[in-house]
Number of protein chains: 2
Amino acid sequence: MPWNLDSDRPIFLQIIEKIQMDIVAGVYHPGDKLPSVRELAQAAAVNPNTMQKALAELERTGLVYSQRTSGRFITEDTAMIQELKSELARELIAEFLEHMQKLGFEEQETIDLMEKTIRGETK
Amino acid sequence: MPWNLDSDRPIFLQIIEKIQMDIVAGVYHPGDKLPSVRELAQAAAVNPNTMQKALAELERTGLVYSQRTSGRFITEDTAMIQELKSELARELIAEFLEHMQKLGFEEQETIDLMEKTIRGETK
DNA sequence: TTTATTGTATTATTTAGATAGTACAATAGT
DNA sequence: ACTATTGTACTATCTAAATAATACAATAAA
């Protein structure tokens, strides 16, 4: 799967979010070994330093941990992962509703519009 | 109203989006005179050059136009404004659904969760 | 024991965005 | 005619992010 990074935001932030997504979505499982910094950097078409910076931050929050020379692993704390999933969903929803409101759509309007969108109506 | 700019994304992009929002939401009306570059820059606590850059882009897309020395004005093309509103809403919805999907929520799940959120349930 | 791979650290350079400061031409308002 | 305000342009500097190029210590694997 491509990493799909854009240049409108700091890359290391996008990497952090991407890996977080992959963890909570189950692409990576608790205890899984991550590819090495160099491999990940190459896969993302990014400088190893940038990847290292993102991983260091993920490590700071406890989502991953590293074992000197054997590699880097996803946390086995499934509760933490579940909590993160809820937290990210809450943030996305809040941010989305706020933006729509700034566009002039009330909450119920937004939901109606979304349902229409899902059902494939152009307008 | 505060401009609420963050440092995670280029400021001039955030300004463009903010003014777009204000236009489609009806904060500014067609034909309205905008404050001067210098005033807007001060209001946003931003360098005049940055504000100028954002306004130049809004002008390029036709949303605003400037009359040398009298000032800058919102377009009177109400159709264009309506179209922009729909376009922005479509983008927001698509982006939101995509992000939620990456988190592991299907479209119907997302809507259900949103409805719960709106009704004030913590979980 | 040797070798390759791991995470990690360091220094230098480049680039885009933002700021700072100044300047000028056009014109509305006086 | 004069003045202030307008958009606009230009150059220089600063900063954070990203890249580039190495280097080193620890250890799993051979």
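Biologist: Which residues does B:Gln14 touch, not counting residues up to four places away in sequence?

Modeller: B:Asn4, B:Leu5, B:Asp6 and B:Arg9. Each is in contact, which means heavy atoms within 4.5 Å. This is a predicted model, in which local features need pLDDT of at least 70, side-chain atom pairs count only at pLDDT 80 or more, and totals for chains, interfaces and linings use all residues. Residues are numbered from 1 along each chain as its sequence is written, chains are lettered from A and ligands numbered from 1 in the order written, and side-chain values use heavy atoms, without hydrogens and water.

Biologist: Why is B:Gln14 called buried?

Modeller: Its relative accessible area is 7%. Buried means under 20%, exposed over 50% and partly exposed in between, with a 1.4 Å probe and protein chains only. So B:Gln14 is buried. Its place is helix 1 (residues 11-24) of chain B. Helices are DSSP runs of H or I with at least four residues, strands are E runs of at least two, and both are numbered from the N terminus.

Biologist: What makes the link from the side chain of B:Gln14 to B:Arg9 a polar contact?

Modeller: That side chain reaches the backbone oxygen of B:Arg9 at 2.7 Å. A polar contact is a pair of N or O atoms within 3.5 Å; within protein, one must be able to donate a hydrogen and the other to accept it, and residues adjacent in sequence count only if both atoms are side-chain atoms. The value is inside the limit, so the pair qualifies.

Biologist: How do you know that the two copies are related as by a two-fold rotation axis?

Modeller: Chain B can be laid on chain A by a turn of 180 degrees and a shift of 0.0 Å along the axis, with an RMSD of 0.0 Å. The copies are therefore related as by a two-fold axis. They are superposed by least squares on the C-alpha atoms of residues with pLDDT of at least 70 in both. Of chain B, B:Arg9 comes closest to the axis, at 2.6 Å for its C-alpha.

Biologist: How do you know that the copies meet through the same surface?

Modeller: 100% of the interface residues of chain B are also interface residues in chain A, so the surface is the same.

Biologist: Which residues of chain B is A:Met21 in contact with, leaving aside neighbours within four places in sequence?

Modeller: B:His99, B:Lys102 and B:Leu103. A:Met21 lies in helix 1 of chain A. At 14% relative accessible area, A:Met21 is buried.

Biologist: Which residues come nearest to DNA strand D?

Modeller: A:Pro10, A:Ile11, A:Asn49, A:Thr69 and B:Arg72, of 23 residues around the strand. Sugar and phosphate make up 59% of the strand D atoms that come within 4 Å of the protein. A residue is near a strand if one of its heavy atoms lies within 4 Å of it.

Biologist: What makes the approach of B:Arg72 to DNA strand D a polar contact?

Modeller: An N or O atom of its side chain is 2.3 Å from a phosphate oxygen of strand D. A:Asn49 has a polar side-chain atom 2.9 Å from a base nitrogen of that strand. Both values lie within the limit, so both pairs count.

Biologist: How many nonpolar, polar and charged residues has the surface near DNA strand D?

Modeller: 5 nonpolar, 11 polar and 7 charged. Ala, Val, Leu, Ile, Met, Phe, Trp, Tyr, Cys and Pro count as nonpolar, Asp, Glu, Lys and Arg as charged, and the others, Gly among them, as polar.

Biologist: Which element gives the most to the surface near DNA strand C?

Modeller: Helix 3 of chain A, with 3 residues. A:Arg38 has a polar side-chain atom 2.9 Å from a base oxygen of strand C. B:Asn49 has a side-chain N or O atom 2.9 Å from a base nitrogen there.

Biologist: Why is B:Thr69 called exposed?

Modeller: Its relative accessible area is 83%, so B:Thr69 is exposed. The residue is in the loop between strand 2 (64-67) and strand 3 of chain B. Its side chain has an N or O atom 2.8 Å from a sugar or linking oxygen of DNA strand C.

Biologist: What is phi of B:Thr69?

Modeller: Near 80 degrees, a positive value in a residue other than glycine. Most residues other than glycine have a negative phi. B:Ala45 also has a positive phi, near 55 degrees.

Biologist: Which residues have the most contacts inside the largest nonpolar core?

Modeller: A:Met51, A:Leu103, B:Met51 and B:Leu103, in a core of 70 residues. Such a core is a set of buried Ala, Val, Leu, Ile, Met, Phe, Trp, Tyr and Cys residues joined through side-chain atoms within 4.5 Å. A:Met51 touches residues including A:Trp3, A:Ile15 and A:Leu40.
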